[in-house]
Amino acid sequence: MSPLFACVAAQDRTVAGVLAAEALRLAAAKRQQAIDIEVVTAEGVLNPLTRTQTAAGGTLLAVGPVNAADPRFAGLRVVSASIEEVLANVNTVLDHALAPTPPDKSRSTTARIVAVTSCPTGIAHTFMAAEAIEQAAKALGHLVKVETQGSVGSQNTLTDDDIAQADVVLISADRQVDLSRFAGKRVLQASTKPAIQDGQALIRRALAEAQVLSPAGDASFEASGKREKAAVLRAGPYKHLMTGVSFMLPFITAGGLLIALSFALGGIYVFKPEHAGTLGYELFQIGAKAAFALIVPALSGYIAYSIADRPGIAPGMIGGMIASSIGAGFLGGIVSGFIAGYGTDWFNKHLKLNRHVEGLKPVLILPLLGTLLTGLLMIYVVGTPVAHALAWLTDWLKSMQGASAILLGLMLGAMMAFDMGGPVNKAAYTFATGLLASQIFTPMAAVMAAGMTPPLALALATRVFPSRFTLDEREAWGATGLLGLSFITEGAIPYAARDPLRVIPANMIGSAVAGAISMVAAVQLRVPHGGVFVLPIPNAVSHLGMYVIAIVAGTVVSAVLLGLLKKPVA
């Protein structure tokens, strides 16, 4: 049944309004029709409806002088009635509300939608969200084109003509996306999660709630002639951090693989002066002295870019260089990125200039002021404490043995499997990748082993315990296994969504085992991604045999637990 909502505007007729609401509730219950009812009285609002409840669409029964233009009711079919009509014959009112809406042949209901999807690593969630949006639009009868901004760059790129013809722009991204080309269009921003979970609901929400992006492209939106708070659509700290991480990863990957290749050609001491001029020595210089030197500035600069757009890049990168020079590492890079971003954004909002010099703000004034603020704060205030914190963390990680290594491995492993690409997973991943810049490689190995385990375990379990899985789940085992081998934990999401209370704990235990074994064996991994496909590269991973054992052990543990915990499919 279609969702049904009711708003009873009783005003000073509180008793009559409450009686009408109760009559509606009882009548709907007899029909086994779910209904949420809000009663507006002079004393206050009873059981207020929220936009979260109404976002998926449905019918609003407006009883009394209800403001149907309320943004909470956007996209709902509105049926009006009076309190007297409800009290006199509630069933007739409900019949009218639940009657199907006749099609309006005078206008087309097909909308043109353009969308952009992107995630921090640019691999799994980017394309899962794109596929979900395409399928949802097709099911709803809308036309859609989705641009994916993945690890290999933009694909299926939106043209100016695509954007011009679009009725609405949907941004489904976990990192900052450049909005300047969508100026003047109705835009809705969301993460990739709503698209993957319920693409149709997200499209309905976009058509109902999208706001016009101002020509300045500054993320301030207008809808129905009214200014809305930009904070509704602006990214939060997590999204800013993930934007920085996504731009940082290519520097880590390139640098780590070049260092590994230099060791393969010239041995582990190839960086010493006596090897100068050899190919191995030069590869080490490119990887360690160039690529790795840019990790922290890239992280800091693109955190600031996510917050303050292009004027934040220079202050952020300069702050990242200062963080590196004073030994504050990736922690300092995170701090400097947020200082540069929020500081530059504050200057942009509060610094009012004559219109003749306004054009100097983004290229001269904002970068200068942002750099001054960031640099001075990093040098005189926050840089030294953060450097001490990183030094303590580095010494602690290097000294870990036995129980402490097991504990960290268990924690990182469980985090990787908890939400399979969500905030907890990304927190563990960001921690590990950040430490690569400080030459700490063991957490990265534990994180990748733990992230590979859930899809691999589910693929194995479908073969060993086929009665526990549906036909679709059994047929998908090959693709799920390949995703696991590629370190794409999101391959386990469809299985977890169907049976979260059994699948997630089983995955967490197996991933914790994999992470613990990797940490205890002191396995080091120099690259942040790639799964088993980076293992054959010489010196990319140390203690290769133990690393394979860690992955296999975690996979088997989770697979056995899945067989024990999941019930046979009827």
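# Exercises on helices, rings and a surface patch

Helix α13 (residues 329–350) holds both Phe338 and Tyr342, which sit four residues apart, about one turn of the helix; helices here are DSSP runs of H or I with at least four residues, numbered from the N terminus. The model is predicted, so that local features need pLDDT of at least 70 and side-chain atom pairs count only at pLDDT 80 or more, while totals for chains, interfaces and linings use all residues. Residues are numbered from 1 along each chain as its sequence is written, and side-chain values use heavy atoms, with hydrogens and water left out.

**Exercise 1.** Determine how the aromatic pairs of Phe338 with Tyr342 and of Trp346 with Phe347 are classed, and how far these residues are buried.

*Solution.* Begin with the rule: rings of Phe, Tyr and Trp (its six-membered ring) pair if their centres lie within 6.5 Å, and planes under 30 degrees apart count as stacked, over 60 as edge-to-face and the rest as tilted. By this rule the count comes to nine aromatic pairs. Because the ring centres of Phe338 and Tyr342 are 6.0 Å apart and their planes stand at 15°, this pair is stacked. For accessibility, buried means under 20% relative accessible area, exposed over 50%, and partly exposed in between (1.4 Å probe, protein chains only). Phe338, at a relative accessible area of 18%, is therefore buried, whereas Tyr342, at 39%, is partly exposed. Trp346 and Phe347 make an edge-to-face pair, with 5.6 Å from centre to centre and 75° between the planes. Trp346 counts as partly exposed at 49% relative accessibility, and Phe347 is buried at 18%.

**Exercise 2.** Describe helix α22 by its span, its buried residues and its part in the nonpolar surface patch.

*Solution.* First take the span: α22 (residues 544–565) has 22 residues and reaches 32 Å from its first C-alpha to its last, close to the 32 Å expected at 1.5 Å a residue, where the expected value is 1.5 Å times one less than the number of residues. Next take the buried residues of α22, among them Tyr547, Ile551, Ser558 and Leu562. The buried residues of α22 pack against α17 (442–464) and α21 (500–520). Finally, consider the nonpolar patch of about 720 Å², made by Leu460, Val464, Leu544, Val548, Val552, Val556, Val560, Leu564 and Leu565. The elements giving two or more residues to this patch are α17 and α22, and the largest share, seven residues, comes from α22. Leu460 is found in α17 and counts as partly exposed because its relative accessibility is 32%.

**Exercise 3.** Which residues are in contact with Thr442 and with Lys426, once neighbours within four places in sequence are left aside?

*Solution.* Contact means heavy atoms within 4.5 Å. Thr442 is found in helix α17, and at 13% relative accessibility it counts as buried. With the sequence neighbours left aside, Thr442 is in contact with Met519, Ala522, Val523 and Gln524. The C-alpha atoms of Thr442 and Val520 are separated by 9.4 Å, although these residues are 78 residues apart along the chain. Lys426 is found in helix α16 (residues 423–436), and its relative accessibility of 6% is why Lys426 counts as buried. Under the same exclusion, Lys426 is in contact with Pro120, Tyr238, Met242, Gly421 and Glu490.

Notes:
Patches are made of residues with over 30% relative accessible area and no salt bridge: like charges are joined within 9 Å, nonpolar side chains (Val, Leu, Ile, Met, Phe, Trp, Tyr) within 5 Å. Accessible areas come from the Shrake-Rupley method with a 1.4 Å probe; for residues, only the protein chains shown count as cover. A salt bridge is a side-chain nitrogen of Lys or Arg within 4 Å of a carboxyl oxygen of Asp or Glu.
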